[in-house]
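Q: Please take a close look at the second helix of this chain. Which of its residues are buried, which are exposed, and what do they touch?

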Amino acid sequence: MNTQMGKIIIHNEVIAQYAGSVAVECFGIVGMAGVSVKDGLVKLLKKDNITRGISVTINKNKLMLDFHVIVAYGVSILAVADNLISNVKYKVEEFTGIEIEKINIYVDGVRVID
């Protein structure tokens, strides 16, 4: 972004970190998923590795976010996805000042939470 005072650059990793922290606060999201390419296993990522479950792409000054998530057992995946999209869209656009063009959600697992 160019301003009258200079140029502002936001690294994709910063956007992914913020989007991930917003996502794990959403109802029904257990956490972000990390998929091992070698053996195809899905694992729940810890908070310090949360950005590995999120892909950020900037195209023509618009964001595209891909989330790989693990949802809680027994919740409506559609309701969780709608909640995630609306929360992330609002908060990330407010945080970065960049419009979000698309949010893709990949449900990579289901977990029973205590």
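**Helix 2 in its setting**

A: From the N terminus on, the elements of the protein chain follow the order β-β-α-β-β-β-β-α-β, which gives 2 helices and 7 strands. The model is a predicted one. Of the 114 residues in the protein chain, 32% are buried.

Helix 2 covers residues 77-96. It has 20 residues, and the distance from its first C-alpha to its last is 27 Å, close to the 28 Å expected at 1.5 Å a residue.

Now the two sides of the helix. The buried residues of helix 2 are V80, A81, L84, V88, V92 and T96. These residues cover an arc of only 90 degrees around the axis, so they sit on the same side of helix 2. L78, Y90 and E94, on the other side of helix 2, are exposed.

Next, the buried side. In soluble globular proteins, nonpolar side chains tend to be buried together. Here the largest nonpolar core has 22 residues, and L65, F67, L84 and V88 are the ones that touch the most other members. Helix 2 is one of the elements that each supply at least two residues of this core; the others are helix 1, strand 3 (29-35), strand 5 (54-59), strand 6 (62-72) and strand 7 (99-111). L84 and V88 are also among the residues that F67 touches. Leaving aside residues up to four places away in sequence, the list for F67 further includes A19, A23, M32, I54, I103 and Y106.

Contacts between distant parts of the sequence are counted for the whole chain as well. Among contacts in the protein chain with a separation of 6 or more, 68% are between residues 24 or more positions apart.

The end of helix 2 takes part in an aromatic pair. A search of the whole structure finds 1 such pair. Its members are Y18 and F95, with 4.0 Å centre to centre and 15 degrees between the planes, and the pair is stacked. Planes under 30 degrees apart count as stacked, which is why the angle of 15 degrees gives that label. Y18 lies in helix 1 (residues 12-24) and F95 in helix 2, so the pair ties together parts that are 77 residues apart in sequence. Y18 is partly exposed, with a relative accessible area of 26%. F95 is also partly exposed, at 44% relative accessibility.

Just after helix 2 comes G97, which takes a positive phi of about 80 degrees.

Key: Residues numbered from 1 in each chain as written. Predicted model: local features only at pLDDT ≥ 70, side-chain atom pairs only at ≥ 80, totals over all residues. Heavy atoms only, no water. Phe/Tyr/Trp six-rings, centres within 6.5 Å; stacked < 30°, edge-to-face > 60°. Helix = DSSP H or I, 4+ residues; strand = E, 2+ residues; numbered from the N terminus. Buried < 20%, exposed > 50% of the residue type's maximum accessible area, 1.4 Å probe, protein only. Core = buried A, V, L, I, M, F, W, Y, C linked by side-chain atoms within 4.5 Å. Contact = heavy atoms within 4.5 Å. Expected span 1.5 Å × (residues − 1). Arc of directions from axis to C-beta.
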